[in-house]
Amino acid sequence: MSDLVVLGLKLGYLALLWLFIGFVANVVRTDLFGRKVPAAELAQAAVAATPTPAGRPQRMPRKVSKRLPTTLKVTSGAQAGVTVPLGSGILIGRSGDCQLILDDDYSSTRHARLTLTPSGYQVEDLGSTNGTFVNNQRISTPTPFGLDDTLRIGRTLMSVER
């Protein structure tokens, strides 16, 4: 091979190596510091209702819906005042596919899930690093969550309302 071809291969390999290092650095930065969530996206996430798999809103039985909360409200943290309708449940975390996107350094990509069960809502930690707390108690199994309870993920406090 000529010296020019060898030099071209070396430079190509070096460029690919730097590209790989850039991708790794971006992944580490995103994991450590989270991603910037635009205010418009936060407002959109707060307004959007959780659809069912068929795309239609979930209807709750009449006698159960009077006792159950209808919204999740962020009471303390960077997004205090944001409310999200509960529906059949919501996913909470930093990921763009979550119904409540948290701008909190101590939350995981998919941190917790709030689901509707026949006995009411329950919160489940999805294997987060920093844990999910209901009434200042770290949970490891799905835990009932109602009107008098507080949910803490990182520095963000949440409660449910009718």
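Trainee: How many bridges join β3 to β5, and do the two strands run parallel or antiparallel?

Mentor: In this predicted model, β3 and β5 run antiparallel and are joined by four bridges. One position to locate is G89, whose bridge partner in β5 is T115.

Trainee: Which strand is joined to β3 by two bridges, and in which sense does the pair run?

Mentor: That strand is β4, and the pair runs parallel. Here I92 has L100 of β4 as its bridge partner.

Trainee: In what order do the strands of this open sheet stand, and what is the pairing?

Mentor: The sheet has five strands in the order β4-β3-β5-β6-β9, with mixed pairing. Its edge strands are β4 and β9 (residues 143-144), each of which pairs on one side only. Within the sheet, β5 and β6 run antiparallel and are joined by six bridges; T117 stands opposite G120 of β6.

Trainee: How should I read the directions in which residues point from a strand such as β3?

Mentor: The general idea is that side chains in a regular strand alternate between the two faces of the sheet. In β3, G89, L91 and G93 point one way, while I90 and I92 point the other way. Residues on both sides are buried. The strand is accordingly described as mostly covered, with five of its five residues buried.

Trainee: Which residues have the most contacts inside the largest nonpolar core?

Mentor: As a general idea, nonpolar side chains in soluble globular proteins tend to be buried together. In this chain the largest nonpolar core has 21 residues, and L72, I92 and L100 have the most contacts inside it. The elements that give two or more residues to this core are β1 (71-76), β3 (89-93), β5 (112-117), β6 (120-125), β10 (151-153) and β11 (156-161).

Trainee: Which residues is L72 in contact with, leaving aside its neighbours within four places in sequence?

Mentor: Among them are I92 and L100, the two residues listed with L72 as having the most contacts inside the core. The contacts of L72 also include V82, V84, L86, I90, L114, F145, M158 and V160. T83 and S159 are in contact with L72 as well.

Trainee: What is the order of the open sheet of six strands?

Mentor: The order is β2-β1-β11-β10-β7-β8, with antiparallel pairing. The edge strands are β2 (83-85) and β8 (137-138), and each pairs on one side only. Five bridges link β1 with β11 in the antiparallel sense, and V74 stands opposite M158 of β11. Next, β10 and β11 run antiparallel with three bridges between them. Their hairpin has two residues between the strands, and G154 takes a positive phi near 65° there.

Trainee: Where does R152 stand in relation to β11 and to F133?

Mentor: R152 stands opposite L157 in β11. R152, in β10, is also the bridge partner of F133. The strands β7 (residues 132-134) and β10 pair in the antiparallel sense over three bridges. In addition, R152 lies over the face of F133, at 4.1 Å from the ring centre.

Trainee: How many aromatic pairs does the model contain?

Mentor: The general description of a pair of aromatic rings uses the distance of the centres and the angle of the planes. Here the count of aromatic pairs comes to zero.

Trainee: Why is L102 classed as buried?

Mentor: A residue is called buried when its relative accessible area is under 20%. L102 has a relative accessible area of 1%, and is therefore buried. L102 is placed in the loop between β4 (100-101) and β5. Beyond its neighbours within four places in sequence, L102 is in contact with Q79, I92, G93, R94, S107, I153 and T156. Q79 is 23 residues away along the chain, yet the C-alpha atoms of Q79 and L102 are separated by 7.6 Å.

Trainee: What is the pattern of the chain along the sequence, and how many helices and strands are there?

Mentor: The chain has three helices and 11 strands, and follows the pattern α-α-α-β-β-β-β-β-β-β-β-β-β-β. Buried residues make up 33% of its 162 residues. Of the contacts with a separation of 6 or more, 43% involve residues 24 or more positions apart. The chain exposes about 10400 Å², of which carbon and sulfur atoms supply 59%.

Technical notes: Residues numbered from 1 in each chain as written. Predicted model: local features only at pLDDT ≥ 70, side-chain atom pairs only at ≥ 80, totals over all residues. Heavy atoms only, no water. Core = buried A, V, L, I, M, F, W, Y, C linked by side-chain atoms within 4.5 Å. Buried < 20%, exposed > 50% of the residue type's maximum accessible area, 1.4 Å probe, protein only. Contact = heavy atoms within 4.5 Å. Phe/Tyr/Trp six-rings, centres within 6.5 Å; stacked < 30°, edge-to-face > 60°. Lys NZ or Arg CZ within 6 Å of the ring centre and 35° of its normal. Pairing = 2+ DSSP bridges. Areas by Shrake-Rupley, 256 points an atom, 1.4 Å probe, with all protein chains shown as cover.
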